[in-house]
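Student: Could we go through this protein together, with each term checked against its definition before we use it?

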Amino acid sequence: MRKLFVFAALLLALVGVASAQTTVKVTFLVNTSTVPDTLHPDKAVVQVRGDTPPLQWNGSTGITLTNIGGDLWTGTYDFPANDTIQYKFFTNAVSATGDNEHKGWENDILPDGNRVLITGTSPIVLPMEFVNGSGAKQLQNWKPWNTGADSIAVRIRVNMQGWQAFNAANDRVGARGAAWPGYLGNL
């Protein structure tokens, strides 16, 4: 009986240690098209910062995302299982150190300012998240467009750095094109 008790106590201790160390993989897919800066894939920094390791609220955070084309950034990282994590996105066109360490925070997320991630015990692939560069507080999974049931949204981003004298009162930027026959169906 004593051996059974010791074995059960040892088993519970091992299960407790294993569950305390359990992590879950979380995959982020982040769209930076709403960030006013041009984020060059080879120079820019897109980080996830927060309150739970591997995250930190500074440039030493353990999560720097990788560009996968255009404005899309991704990464998969281990987080504590069964936890609630507060986080925000940080973007900078140059670096996340020195004078730039805190120049690039996204705007607040409703309702309390930060994004919230609730982990369980299974891997998580988060839906695409847009960095809140909107200038206003937004919901965590907001999208920078509205679509009706019979429409599609097309977002066009134009880099105007080469036109320093642009005056919105007098100058215009436009997009031209046409639907490809057969591609979009009958319009």
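Tutor: Let us begin with two strands, β5 and β7, which pair in the antiparallel sense over 4 bridges. The model is predicted, so local features need pLDDT of at least 70 and side-chain atom pairs count only at pLDDT 80 or more, while totals for chains, interfaces and linings use all residues. Residues are numbered from 1 along each chain as its sequence is written, and side-chain values use heavy atoms, with hydrogens and water left out.

Student: What makes β5 and β7 a pair?

Tutor: Two strands pair if DSSP finds at least two bridges between them, and β5 and β7 have 4 bridges, so they meet the definition. Within this pairing, Y87 stands opposite R115 in β7. Strands themselves are DSSP runs (E, at least two residues; helices are H or I, at least four), numbered from the N terminus, and the protein has 1 helix and 10 strands.

Student: Why are β2 and β7 called edge strands?

Tutor: The open sheet has 3 strands in the order β2-β5-β7, with antiparallel pairing. Its edge strands, β2 (45–50) and β7 (115–118), each pair on one side only.

Student: Why is the pair of F90 and W105 called edge-to-face?

Tutor: Rings of Phe, Tyr and Trp (its six-membered ring) pair if their centres lie within 6.5 Å, and planes under 30 degrees apart count as stacked, over 60 as edge-to-face and the rest as tilted. The whole structure holds 7 aromatic pairs. In the pair of F90 and W105, the distance is 5.9 Å centre to centre and the angle between the planes is 75°, so the distance fits the limit and the angle falls in the edge-to-face range. F90 lies in strand β5 (residues 84–92) and W105 in the loop between β5 and β6 (109–110), so the pair ties together parts that are 15 residues apart in sequence.

Student: How do you know whether F90 is buried or exposed?

Tutor: Buried means under 20% relative accessible area, exposed over 50%, and partly exposed in between (1.4 Å probe, protein chains only). F90 has a relative accessible area of 0% and is therefore buried, whereas W105, with 29%, is partly exposed.

Student: What makes F130 and W145 an edge-to-face pair?

Tutor: Their rings are 5.4 Å apart centre to centre, with 85° between the planes, so both values satisfy the definition. F130 lies in strand β9 (residues 129–130) and W145 in the segment after β10 (138–139), so this pair, too, ties together parts 15 residues apart in sequence. F130 counts as buried at 4% relative accessibility, and W145 counts as partly exposed at 32%.

Student: How do you know that R49 lies over the face of F90?

Tutor: A charge sits over a ring if NZ of Lys or CZ of Arg is within 6 Å of the ring centre and within 35 degrees of the ring normal. R49 lies over the face of F90, at 3.6 Å from the ring centre, and also over the face of W105, at 5.0 Å from the ring centre.

Student: What makes a set of residues a nonpolar core?

Tutor: It is a set of buried Ala, Val, Leu, Ile, Met, Phe, Trp, Tyr and Cys residues joined through side-chain atoms within 4.5 Å. The largest one here has 22 residues, of which F28, L65 and F79 touch the most other members. Its largest share, 4 residues, comes from β1. Ring pairs also link F28, F79, Y87 and F89 into a cluster.
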